[in-house]
Amino acid sequence: MSKLKIINQEELKDWAKEIFKKNSFNMVDVSSKKETFRRALASGKIYVGKEVFDLIKNKKMPKGDPVTLAEVSAVLGVKKTSELIPLCHPLPIDHTATKIIMNEVDNSLEVFCVVSAVAKTGVEMEAIMGVNAALITIYDLSKIVNPHLKIDNVKLLIKEGGKSGLWTNPDGLPEFLKNIF
């Protein structure tokens, strides 16, 4: 017991600052925020090439239909976001939906994922994770035919809720969304 050091209140504060602030990560404290309706829409694209595109379109892919499985994977990505991104808060997801559009012009599939919740923080990461899970699933089911695939342009398109209200991506929205928001 003779080796105990008595510290004063100021030294205690410095110690706490050292442990909890300097060179560490911490989850944003949302404990005092009010729950509000939150919604986010993200998108991303995968270029699969003509051969894969035609196989997907004609439902002849060797491992099964990438579009259907990607939609399921998006739901799982949304639900598992806080498990994969260390500082993300786990959220009570109220709704998620995924739409995959096939673009014959550039042999691509464009994924859109919307997520909503009544929560203290936004659902942007969940929407982006849903898009990524869908894109990677398409990649996984397509690489057997063509390993030269490219995932591109994953981005947040719209978010709403909280004190900042509605935000839309300054690069603009796809044509089919312009009259909705």
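Which residues are exposed on the other side of H2? In the predicted model described here, the answer is best approached from the overall fold and then from the two sides of this helix.

The secondary structure of the chain comprises five helices and five strands, arranged along the sequence in the pattern α-β-α-α-α-β-β-α-β-β. Of the 181 residues in the chain, 35% are buried. The exposed area of the chain amounts to about 11500 Å², of which carbon and sulfur atoms supply 57%. Contacts between residues at least 6 apart in sequence were also examined, and 71% of these join residues at least 24 apart.

Helix H2 spans residues 49–57, and Val52, Phe53 and Ile56 are buried within it. These three residues cover an arc of only 100° around the axis and therefore lie on the same side of H2. In an α-helix there are 3.6 residues a turn, so residues three or four places apart point the same way. The buried residues of H2 pack against helix H3 (66–79), E2, E3 and H5. Lys50 and Glu51, by contrast, are exposed on the other side of H2.

The contact between H2 and H5 can be followed further through serine 142, a residue of helix H5 (residues 124–142). Serine 142 has a relative accessibility of 0% and is therefore classed as buried. When residues up to four places away in sequence are set aside, serine 142 touches Val48, Val52, Ile56, Met61 and Leu149. Two of these partners, Val52 and Ile56, are among the buried residues of H2.

After H2 comes lysine 59, which has a positive phi near 55°. Lysine 59 is exposed, at 62% relative accessibility, and forms a salt bridge with aspartate 65 in which the closest N and O atoms are 3.6 Å apart. Aspartate 65 is partly exposed, with a relative accessibility of 24%.

This interaction belongs to a set of nine salt bridges found in the whole structure. In another, the side chains of lysine 159 and glutamate 124 meet at an N to O distance of 3.2 Å. Lysine 159 lies in strand E4 and glutamate 124 in helix H5, so that this pair links distant parts of the chain, 35 residues apart. Lysine 159 counts as partly exposed, at 23% relative accessibility. A further salt bridge joins lysine 143 to aspartate 140, with the closest N and O atoms 2.5 Å apart. Lysine 143 is partly exposed at a relative accessible area of 38%, and aspartate 140 is likewise partly exposed, at 32%. Both residues take part, together with Lys63, in a network of salt bridges.

One aromatic pair is present in the structure. Phenylalanine 112 and phenylalanine 176 adopt an edge-to-face arrangement, with 5.2 Å from centre to centre and 90° between the planes. Because phenylalanine 112 belongs to strand E3 (residues 108–119) and phenylalanine 176 to the segment after strand E5 (167–168), the pair ties together parts that are 64 residues apart in sequence. Phenylalanine 112 is buried, with a relative accessible area of 4%, whereas phenylalanine 176 is partly exposed, at 45% relative accessibility.

The loop between helix H1 (9–20) and strand E1 (36–47) contains phenylalanine 25, and glutamate 35 is placed in this loop too. Phenylalanine 25 is exposed, at 75% relative accessibility, and forms a nonpolar surface patch with Met27 and Leu87. Together, the three residues of the patch have about 340 Å² of accessible area. Glutamate 35 is exposed as well, with a relative accessible area of 53%. Although 83 residues separate glutamate 35 from valine 118 in sequence, their C-alpha atoms are 5.9 Å apart in space. Beyond residues up to four places away in sequence, glutamate 35 touches Val118, Ala119 and Lys120.

Positive phi values also occur at two asparagine residues. Asparagine 107, in the loop between strand E2 (93–103) and E3, has a phi of about 50°. With 16% relative accessibility, asparagine 107 is buried. Asparagine 153 is placed in strand E4 (residues 150–160) and has a phi near 60°. Asparagine 153 counts as partly exposed, at 46% relative accessibility.

Terms used: Residues are numbered from 1 along each chain as its sequence is written. This is a predicted model: local features need pLDDT of at least 70, side-chain atom pairs count only at pLDDT 80 or more; totals for chains, interfaces and linings use all residues. Side-chain values use heavy atoms; hydrogens and water are left out. Patches are made of residues with over 30% relative accessible area and no salt bridge: like charges are joined within 9 Å, nonpolar side chains (Val, Leu, Ile, Met, Phe, Trp, Tyr) within 5 Å. Accessible areas come from the Shrake-Rupley method with a 1.4 Å probe; for residues, only the protein chains shown count as cover. A salt bridge is a side-chain nitrogen of Lys or Arg within 4 Å of a carboxyl oxygen of Asp or Glu. Helices (H or I, at least four residues) and strands (E, at least two) are DSSP runs, numbered from the N terminus. Buried means under 20% relative accessible area, exposed over 50%, partly exposed in between (1.4 Å probe, protein chains only). Rings of Phe, Tyr and Trp (its six-membered ring) pair if their centres lie within 6.5 Å; planes under 30 degrees apart count as stacked, over 60 as edge-to-face and the rest as tilted. Contact means heavy atoms within 4.5 Å. The arc is that of the directions from the helix axis to the C-beta atoms.
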